[in-house]
Each structure stands twice: as structure tokens, then as C-alpha cells.
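Hi,

Here is the structure I said I'd pass along. Have a look at it first, and my notes follow underneath.

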Amino acid sequence: MIETVATDLPIQYADVLDAADQIKEMAHRTPLIENRLLNERVGGRVFIKPECLQLTGSFKFRGAYNRISRLGDDEKRRGVVAFSSGNHAQGVAKAASLLDVKATIVMPEDAPKIKVDNTRAFGGNVRLYDRFKEDREAIARQIADDTGAIVVPSYNDVHIMAGQGTVGLEIAEDMQRLGVTPDQVLINCGGGGLSSGSFTALKHHFPTVAGYIVEPDDFDDTKRSLDAGERKFIDPNARSICDALLSDSPGPLTFSVLKALGIQGVSVSDEEVRETVGYAATTLKLVGEPGGVVSLAAILTGKVDVRDKVSVCVISGGNIDPSMLQACIKRI
């Protein structure tokens, strides 16, 4: 194994190992799945990491628990505040409840109902806002100023990144256990916490593996940032059904890691995402939300060449409203 991460980057492989140890008693170790029908369709071997099976239904619990569990006793008494469209919200709410910490979550009014309901069920105090008229970060900062709560970012934080990186660590360990070397790994990307942490681990174990982040077409800020070599922002009028991936730009910390590791970007349309949600449910028997299946969509639509190759993708979340899931299935 070769360490490929520059020593001046925000996180190192050792940080991901430390996070794995920190969360091992709480987070599920999700399996690595290979499906023969999928392989036959695309002409290569595809392994899927189904984080839809993770506690709270997405990978976000990993980073949230790694971050909140490291707070000091006084910080825990003050509580935490986070802003999220839903998956980070649920992860923070659940992690906080396990650690007996009060959590307030700033969520958009148009967040999927299942995500708002689950966040409340996990013990989070939800503060709704209008994503097109209000600034969620400003609201969270005001709550923090008023209450003394600690802000738990959704991606631009070293403990969050390292916690999410345990997804990539588990992929690498399982692939090595199978004796299979991946040619490429595709990871869904919003702000870049999952991808930056996971590729830190993957590039340590497989230095030559090709890495791709996948985004919705109109929220391809990380792809454009990687192409340009500097952070880019999305058009404020952009819209997508992939509510989990609607960040306006990659985080400064996450982008620095992705850029240094030579990760490339691709994007998929909302229509391709809808078809992939339906395919995952009917053929793979896996429930994935729109933002959770974009990397699988990139494989199914040929955005990345997978023929005669070994590819890995992540279904990062499965928190989808039943009505949307039903509509996607009807398209198949």
C-alpha cells in the first residue's frame, strides 16, 4: 500500500482509521453487493455499497457521530445545531440522541416529508426555512449565538469528512478481502464530505484507482470546480429532485482533497435519476433516494465506461417519500 495523500491536506488516512474506531460500536458496516443482472446489462463487474441500509438510512450518521462524540462535556451540555435538507439532519439527530445531546436542525420547508418526520422522531428540534429566501447557515449561526450550541457542518469539517471516509475504507477492505482490485470508484457528491473522505482511504489502498464524483446536471459545481482547478458555484436558479445533493459549491476543505487526489467529475439528469431509482428498487431490490443513486445512474447511462472493468458505486441514501418511489417505479 502506498500513501498518496499530501501531508498538508485536511485529513489523512490515519484520520479515517481513527474515525472507524470511534464509530464502530454505533454505525452499521454495510455490505458490498454484486448483482449478476446489473453486470450483464453494463458488460462489467459492478459492486454497490448500499448506505441506504445504514442507521438513519444514509451514510451521514457516520460523520455526525464521529463529530458529536468528540465534543467535550461542556460542549455537549450546550447542544448542537446543524443545517440540512434531511440526511445530515437525521444523522445529527440520531447521533445526538445516543450521546444525550440536544440537537436543533435547520431544514428547508420543501424537504421530503419522510426526512423531516424522521429527524423529529430521532429527537431533533426542527426549524424550517425557505431555501430560496433565507440563509440556512445564517439561521444556524444565530441559533448558536443565542444558545451556545455547537455548529455541526454537513461536510466542510475534518471529523465529518473522516467519518464519511469510513465508507471508502470499508469498500477497500472488502475488495481486498475478495481479492479484487477496482478499476474505478464512483461516489455521489453534494458538498464533498463523503467523496473526499472515501477517496482518501481508497487511494491509500488502491493508488491507481480512477475516482469519479457524480452530481445532478444542474448542480455540477464540484465537477466544474475540478475541471477549472478552483471552486465554482451553481446558478442560484438551479433546481433538481436530488435534494441530498443541492450544495452551491464544494467545501474549501473537501475540494482541496478531491483536487489533490486527481478526482474527476460527471453528472446525470433528473430523468436518468428517476429511472435509476426505479431500476434499483425493481431489479436490485434496493431503495435509493434520488441523490443517493446518481453514481449508479452514471454507470447505467454510460457516463463512465465500465465495460470489461471492475467498478464500485455507492447508494448513499434511501430516504425517499413513498409517492416519489412509486412514481419512479412506474417509469420502468
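Leaving aside its neighbours within four places in sequence, which residues is S196 in contact with? The list is I11, M161, T254, V257 and L258.

Before the rest, a word on confidence: this is a predicted model. Mean pLDDT for the chain comes out at 96, with 98% of the residues at 70 or more. The stretch to treat separately is residues 1–5, where pLDDT is below 50; that stretch still has 16 contacts in the model beyond near neighbours in sequence.

Back to S196. You'll find S196 in helix α10, and it counts as buried because its relative accessibility is 0%, against a cut-off of under 20%. A polar atom of the S196 side chain also sits 2.7 Å from the backbone oxygen of G192.

Helix α10 itself covers residues 193–205 and lies across three strands: β7 (184–188), β8 (210–216) and β10. Relative to β7, the helix runs at about 160 degrees.

Those strands belong to an open sheet of six, in the order β1-β2-β10-β7-β8-β9, and the pairing is mixed. β1 (33–34) and β9 (264–268) are at the edges with a single partner strand each, so one side of each has no neighbour in the sheet.

One pairing to look at on screen is β2 (residues 45–50) with β10 (residues 310–315): they run parallel and share six bridges. If you want a spot to zoom in on there, V46 has S311 in β10 as its bridge partner.

Cheers

Note on methods:
Residues numbered from 1 in each chain as written. Predicted model: local features only at pLDDT ≥ 70, side-chain atom pairs only at ≥ 80, totals over all residues. Heavy atoms only, no water. Pairing = 2+ DSSP bridges. Helix = DSSP H or I, 4+ residues; strand = E, 2+ residues; numbered from the N terminus. Contact = heavy atoms within 4.5 Å. Axes fitted to C-alpha atoms, helices over the stretch in contact; angles between N-to-C directions. pLDDT = per-residue confidence, 0-100. Buried < 20%, exposed > 50% of the residue type's maximum accessible area, 1.4 Å probe, protein only. Polar contact = N/O pair within 3.5 Å; in protein donor to acceptor, adjacent residues only side chain to side chain.
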